[in-house]
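Hi,

Here is the structure I said I would pass on. Have a look, and my notes on its charged pairs follow below.

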Amino acid sequence: MGGQNPYIQGDEPKLPKKPYQLTIVDEHGQEHVLTIDPKDLPYQDHGLPGSILDICMHHGIELDHACGGVCACSTCHVHVLEGEKSCNEASEEEEDQLEEAYDLKANSRLGCQCVPDGSCNVKIRVPAWNRNLAREPHGAEGMTTKKD
Ligand code: FES
C-alpha cells in the first residue's frame, strides 16, 4: 500500500530546485548522508512526493509506514534536528496523527508528510521507538521504564 491521501486538501509542497544534503540518523543511531538532486525527484515510492519517507524508501533506509504513507498512523514519526524551516508546514491531519506518536517533541513530523524544499540541508532522526502495533516491541533501546 502506498500513495497519498485524497481526502487531505492543501497546497502541493514545494520540491527542491537545487540539490541539498539530507542526513538521516536511523533508529540504530547510524547516519546516512544523502545528496538529494531535484532532477531525481519525486521518487513517488511512498508518502508525499519528495517526502522524508519517499526518500528513505528509495534509498533502502528503514522507516516504518504502517498506513503506506497516507497520514493515517504515526509510525513514520521523525525528529527534524536541522533544517526545519525548509520543510512544508504540517497539516491539521498530520498534527492529529502526531499526537499518537511516542516521544513527541516540538520538532516532530511525520516522515510521509514532511517535504524539504531544498533551501538548506536537513538532518532528521528516527526515534528508537515508533508506535507500530504490528511490530511492537522493536528497537526498545533507549526506552526507560519508570517504577515507583
Ligand atoms: S506512514 Fe502512516 S502516517 Fe506516515
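Which side chain meets that of aspartate 40 in a salt bridge? Lysine 39 does, at 4.0 Å from N to O. By salt bridge I mean a side-chain nitrogen of Lys or Arg within 4 Å of a carboxyl oxygen of Asp or Glu.

Before going on, a word on the source: this is a predicted model, where local features need pLDDT of at least 70, side-chain atom pairs count only at pLDDT 80 or more, and totals for chains, interfaces and linings use all residues. Residues are numbered from 1 along each chain as its sequence is written, and side-chain values use heavy atoms, with hydrogens and water left out.

There are five salt bridges in the structure. For accessibility, buried means under 20% relative accessible area, exposed over 50%, and partly exposed in between (1.4 Å probe, protein chains only). Aspartate 40 is partly exposed at 41%, while lysine 39 is exposed at 68%.

Next, glutamate 94 pairs with arginine 109, their closest N and O atoms being 2.8 Å apart. This salt bridge links distant parts of the chain, 15 residues apart: glutamate 94 lies in helix H2 (residues 92–98) and arginine 109 in strand S4 (residues 108–110). Helices (H or I, at least four residues) and strands (E, at least two) are DSSP runs, numbered from the N terminus. Glutamate 94 is buried, at 1%, and arginine 109 is buried too, at 6%.

Then there is aspartate 103 with lysine 105, at 3.5 Å between the closest N and O atoms. Both are partly exposed: aspartate 103 at 33%, lysine 105 at 37%. Finally, Asp37, Lys39 and Asp40 are joined into one network by salt bridges that share partners.

Cheers
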